[in-house]
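Let's take a walk through this structure, one piece at a time. Keep the viewer open and follow along.

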Amino acid sequence: MALRPRAKRVDDVERQLKDLMIRGLAGDAAAHAQMLHALAGRLRGYFGRRLGTQAVDVEDLVQETLIAVHRKGHTFDPRAPFTPWAYAIARHKLVDHFRKVGSRREAPLEAAEALWSTDDPAEQTARGDVARLLSALPERQRRLIQDVKLTGLSIEEASRASGLSVANVKVTLHRAMKALARRVRDANG
């Protein structure tokens, strides 16, 4: 059996979770429970990759995030992608966890879409920091970062929107992420 390309699997997961969320918001309790269960598996991987030796806290963060997704469900815009919205909540919980345990770890920029979804003052400050970082990039790189990493477009969608080939989008995104990582590293000494 041939494996589907990763972008296709990601699109399928987005579609499935978003559909379940929308049905849950419309009152379908079974769809809501199914969405929370599916999201829990994704969140375990997300937190597990970021906590490393603090893996005992993964399940607590998963549960806190699921509760927040349930409570903040009314803020989800059905016209927007679901996964950036959900991971924004997860990143917020992760940052809170790092503050609580006194860790100086940073959530990677790849999860920057989280900065656009809350009204928390710390998030607003971080949003400004990311905006300043992005403003230093050339227009093409900035647009692709915004489209793919922040808005949640697939590589193929960004390719169509920008008029660039899929390969060119991937290369440009890679270079943009390296440039951002270098700027953050330089700024943090």
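**Starting at a salt bridge**

Begin with Arg-23 and Asp-19, whose side chains meet in a salt bridge at 3.0 Å, N to O. By salt bridge we mean a side-chain nitrogen of Lys or Arg within 4 Å of a carboxyl oxygen of Asp or Glu. Both Arg-23 and Asp-19 sit in helix H1, four residues apart, which is about one turn of the helix. Helices here are DSSP runs of H or I with at least four residues, strands are E runs with at least two, and both are numbered from the N terminus.

Before going further, a word on what you're looking at: this is a predicted model, where local features need pLDDT of at least 70 and side-chain atom pairs count only at pLDDT 80 or more, while totals for chains, interfaces and linings use all residues. Residues are numbered from 1 along each chain as its sequence is written, and side-chain values use heavy atoms, with hydrogens and water left out.

Back to our pair. Is Arg-23 buried, exposed or partly exposed? Arg-23 counts as partly exposed because its relative accessibility is 34%. The cut-offs are under 20% relative accessible area for buried and over 50% for exposed, with partly exposed in between (1.4 Å probe, protein chains only). Asp-19 comes out as partly exposed too, at 38%. If you measure from Arg-23 to Met-35, twelve residues apart along the chain, you'll find their C-alpha atoms separated by 9.5 Å.

Now for the other salt bridges. The count comes to seven. One of them joins Arg-79 to Asp-77, with the closest N and O atoms 3.0 Å apart. Arg-79 is exposed at 73% relative accessibility, whereas Asp-77 is partly exposed at 29%. Another links Glu-139 with Arg-142, and here the closest N and O atoms are 2.5 Å apart. These two are three residues apart in helix H6 (residues 139–151), so about one helical turn separates Glu-139 from Arg-142. Glu-139 is partly exposed, with a relative accessible area of 47%. Some salt bridges share partners, and that joins Asp-19, Arg-23 and Asp-28 into one network. In general, side chains of opposite charge can pair when their charged atoms come close.

Let's zoom out. The chain has eight helices and zero strands, so its elements read α-α-α-α-α-α-α-α from the N terminus on. Of its 189 residues, 39% count as buried.

What about the inside? The largest nonpolar core has 28 residues, and Met-35, Leu-39, Leu-43, Phe-47, Phe-82 and Trp-85 touch the most other members. Helix H1 (6–25), helix H2 (29–51), helix H3 (58–71) and helix H4 (82–101) each supply at least two residues of this core. H2 gives the most, with nine residues. A nonpolar core, by the way, is a set of buried Ala, Val, Leu, Ile, Met, Phe, Trp, Tyr and Cys residues joined through side-chain atoms within 4.5 Å. As a rule of thumb, nonpolar side chains in soluble globular proteins tend to be buried together.

Last stop is helix H8, which spans residues 166–187 and holds Arg-182. Ala-176 lies in H8 as well, and Ala-176 is buried, with a relative accessible area of 0%. Its C-alpha atom is 5.6 Å from that of Gln-141, although the two residues are 35 apart along the chain.

Arg-182 tells another story: at 41% relative accessibility, Arg-182 counts as partly exposed. Together with Lys-178, Arg-183 and Arg-185, Arg-182 forms a positive surface patch. Patches are made of residues with over 30% relative accessible area and no salt bridge, with like charges joined within 9 Å and nonpolar side chains (Val, Leu, Ile, Met, Phe, Trp, Tyr) within 5 Å.

Methods
Accessible areas come from the Shrake-Rupley method with a 1.4 Å probe; for residues, only the protein chains shown count as cover. Lys and Arg count as positive and Asp and Glu as negative; His and the chain ends are not counted. The place of a charge is taken as NZ of Lys, CZ of Arg, CG of Asp or CD of Glu.
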